[in-house]
Amino acid sequence: MEDKNTITGTPVSRIDGILKVTGKADYSTDHPIKNPAYAVIFKSTIAAGKITDIDTSLAEKSPGVLSVITHKNAPKLNTKGGIRGGAMLQSPDIYFYGQHIGVVVAETFEQARHAAHLVQVKYEKKEGKLDFEKLAEDAVLPKDKEKADAKRGDAKKALEIADVKVEEIYSTPIEHHHPMEPHATIAEWQGENVILYNSSQIVNGAQSAAAATLNLKPENVRIVSPYIGGGFGSKGGQWGNLVLAAVAAKMVNRPVKLALTRQQMFNSVGLRQRNLQKVSLAATKDGKLTALAHEITTHAAMQDEFVEPCGDCSKIMYDSPNSLITYRVVAMNLILPTYTRGPGKSTGSFALESAMDELAFKLKMDPIEFRLKNEPERDPSNGKPWSSRTTVQCLKEGAKAFGWEKRKAEPGQNQQGNYLVGYGVSCGTYPAHQRPSSANVKLKRDGNNVTATIELAAADLGTGTYTILAQTAADALDLPINKINVKIGDSDFPPAAGSVGSVGATSYANVVNDACIKVTDELIARSGKQFFVRPTAAKLMISENVSEFQTRADSKELEGAENYSSHSFNANFAEVWVDISTGMVKVERFLAVTGAGKILNPKTARSQIIGGNTWGIGMALTEESLIDPRWGNFATRSLADYHVPSNLDIGTMEAIFIREEDKAGNKLGVKGIGEVGIVGVAAAIANAVFNATGKRVRQLPITPDKLL
């Protein structure tokens with residue numbers, strides 16, 4: 001049982017909150033830099049072909065312009081250095097609409113933007129590969145061996161002889177990340193070294209990618225990223241704009257600020273790819289699954305490949321003796337897709353959990369009962385025991401809290417005035433891992449006042465990293481939280497995992513805890529004394545008259561962790577009201593019940609879950625990036641036409657956490673929650689819409705035209 005005096009696990013308000021609400025937190029382009037110039041990227045207006053001529057003369061003569069950089073005068077970069085999506089002015093070839101083809105650098109942003117419009121470009125245009133449905137007919141196996149066909153038993157044969165089955169295709173559209181802070185960089189050279197103030201979900205990853213691409217050693221590149229205004233995966237890998245800022249600063253010999261506009265975000269920093277997912281389920285008449293097949297067709301870029309793992313949930317969520325997971329991919333003239341919040345699991349769970357609902361309806365079974373009946377004792381994909389699995393608890397506790405017993409099994413039977421009301425449920429999962437990380441802890445004494453500074457190259461996406469690390473250190477050192485100073489987001493600090501894939505909190509908290517224990521151990525050893533009661537580091541600093549003391553810890557996943565299948569799990573419950581006249585869908589209530597190990601801070605954890613749920617609601621009802629097939633650009637190109645849910649779109653949001661102790665993978669028993677909050681959400685809403693209306697929508701988003 002935890003000590004009642006610990007601060008970990010309590011709802012502490014964000015220690016960086018005042019800085020943020022008063023505007024004192026330094027985001028990418030907020031850092032005080034002397035005499036900066038401003039860069040604006042200009043882009044291709046064709047989807048495929050080649051630049052035959054690029055005339056920059058008018059732009060170069062425009063007031064305030066310092067340089068115009070194109071493939072003609074850009075320095076040679078290492079295109080295999082790890083920057084995603086290409087588009088670094090290394091050739092005249094065009095692979096997608098909106099590809100970077102040049103940068104204007106000027107004294108002011110307005111001057112740079114004006115001059116960018118003066119550049120005249122001629123193209124040799126080719127027909128772009130833009131029709132996904134047509135191209136999908138010739139989709140091939142991905143290059144990634146992890147996406148090879150995964151087979152257990154004979155799913156096809158089991159489907160042929162099934163008592164009851166569902167075979168349907170579910171479609172999810174292209175989506176975009178759209179963090180509140182668009183991608184932006186300040187580049188400042190100091191001799192042969194460059195400082196890049198840049199929002200980076202993986203600080204050391206950005207450092208190594210920038211260094212390799214710029215043909216530098218990692219120690220010659222410093223990434224500074226103390227605050228990030230959202231990223232959702234788009235700031236996990238780094239894109240051409242990062243190194244183009246460094247190139248521009250080098251060419252004009254002064255610091256340069258380069259910020260993407262909201263419109264440029266659509267074709268500069270990746271996207272969630274469109275997926276066609278055929279899900280086939282078979283069951284006995286009493287509801288036991290006999291086959292599960294999940295066949296995914298998607299798209300990548302012309303030069304590179306990324307395929308989100310849509311079949312991951314299908315591999316492990318339900319017990320079936322016959323399973324088939326396949327991927328097929330086509331190359332298109334679009335920017336490279338990338339990780340987007342809950343990659344693969346959010347999109348894949350929509351297909352799987354919708355199909356589970358459809359099969360439950362065919363079987364005349366309650367969808368919760370159907371899921372419980374097919375609960376696997378071990379991970380079906382590899383036979384490993386679960387480190388813990390809370391799906392059953394999430395479903396049962398959620399059903400009680402939500403009032404599931406009020407649901408009417410027959411669709412269209414619950415009408416309130418001009419609205420049809422429906423209930424929907426779904427499940428979700430996301431892997432839980434600790435990644436190698438290091439941290440410094442520095443103790444300082446002034447009289448009897450002892451303070452601690454924690455340093456590591458971690459990232460805070462706005463999720464509360466500063467706060468949970470202060471809480472962790474406060475407990476491990478037995479110091480008040482106001483005596484803890486947390487410094488993160490700088491590649492000069494010890495290397496750490498990224499804030500991606502739900503590994504951040506687990507990796508950071510464990511290494512900080514280890515560092516605080518280690519510094520106390522070292523102070524005890526330094527004292528040369530034997531203690532019957534373990535003293536705190538602060539007491540040792542005072543009793544041994546130590547002014548300053550520090551140490552570093554390096555931590556990784558526990559030995560034997562690989563012997564278990566470790567995941568966070570959830571159950572999602574949605575109540576929707578569908579306007580009979582307009583087909584508009586309102587999510588009146590949403591409940592997420594999550595089992596995610598030790599919750600370090602219930603307040604920030606709840607925010608994480610509600611944020612993921614909100615994106616899931618957007619995914620279900622509003623978000624879609626549409627391509628203009630004539631040109632290959634996005635017809636949706638701002639937040640005026642790419643619709644994300646706002647406060648008025650969201651009803652009552654509730655979050656419940658299952659109490660869970662799981663220390664198979666890490667000492668603290670922490671699991672990530674940043675991704676699992678979106679997994680299964682869209683399916684719960686789609687299932688609720690079916691319960692309300694009797695109409696099954698298999699193509700997201702669920703817009704009124706699909707219901708009328």
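This section describes backbone geometry, one helix pair and two cysteines in a predicted model.

Most residues other than glycine have a negative phi, and most peptide bonds are trans. Three sites in the model depart from this general pattern. The peptide bond that joins Leu-700 to Pro-701 adopts the cis form, with omega near -5 degrees. Pro-701 belongs to the segment that follows helix H17, which spans residues 681–693.

The other two sites concern phi. At Ala-87, which is not a glycine, phi is positive, at about 55 degrees. This alanine is located in the loop that connects strand S3 (65–69) with strand S4 (93–94). Ala-87 has a relative accessible area of 14% and is therefore classed as buried, the limit for that class being under 20%. A positive phi, near 60 degrees, is also found at Phe-232, again a residue other than glycine. Phe-232 occupies the loop between strand S11 (221–224) and helix H7 (240–252). With a relative accessible area of 27%, Phe-232 falls between the 20% and 50% limits and so counts as partly exposed.

Helix packing was examined for H13 (residues 465–477) and H14 (residues 504–527). The axes of H13 and H14 lie 9 Å apart and form an angle of about 30 degrees. Because angles under 35 degrees count as roughly parallel, the two helices are assigned to that class. The crossing of H13 with H14 is right-handed. On the H13 side, the contact is made by Thr-465, Ile-468, Leu-469, Thr-472, Ala-473, Ala-476 and Leu-477. Their counterparts in H14 are Ala-505, Tyr-508, Ala-509, Val-512, Asn-513, Cys-516, Val-519 and Thr-520. Classified by residue type, this contact comprises 11 nonpolar and 4 polar residues, with no charged residues.

Cysteine pairing was assessed from the distances between sulfur atoms. With a cut-off of 2.5 Å between cysteine sulfur atoms, the model contains 0 disulfides. For Cys-310, the nearest cysteine sulfur is that of Cys-313, at 9.4 Å, and Cys-310 takes part in no disulfide. Likewise, Cys-313 has the sulfur of Cys-310 as its nearest cysteine sulfur, 9.4 Å away, and is in no disulfide. Because this separation is not within 2.5 Å, the two residues do not qualify as a disulfide pair. Cys-310 is buried, with a relative accessible area of 0%. Cys-313 is buried as well, its relative accessible area being 2%.

Definitions and conventions
Residues are numbered from 1 along each chain as its sequence is written. This is a predicted model: local features need pLDDT of at least 70, side-chain atom pairs count only at pLDDT 80 or more; totals for chains, interfaces and linings use all residues. Side-chain values use heavy atoms; hydrogens and water are left out. Helices (H or I, at least four residues) and strands (E, at least two) are DSSP runs, numbered from the N terminus. Buried means under 20% relative accessible area, exposed over 50%, partly exposed in between (1.4 Å probe, protein chains only). Axes are lines fitted to C-alpha atoms, for helices over the stretch in contact, and angles run from 0 to 180 degrees between N-to-C directions. Angles under 35 degrees count as roughly parallel, over 145 as roughly antiparallel, 65 to 115 as roughly perpendicular and the rest as oblique. A crossing is left-handed if the near helix is turned anticlockwise from the far one by less than a right angle, and right-handed if clockwise. Contact means heavy atoms within 4.5 Å. Ala, Val, Leu, Ile, Met, Phe, Trp, Tyr, Cys and Pro count as nonpolar, Asp, Glu, Lys and Arg as charged, and the others, Gly among them, as polar.
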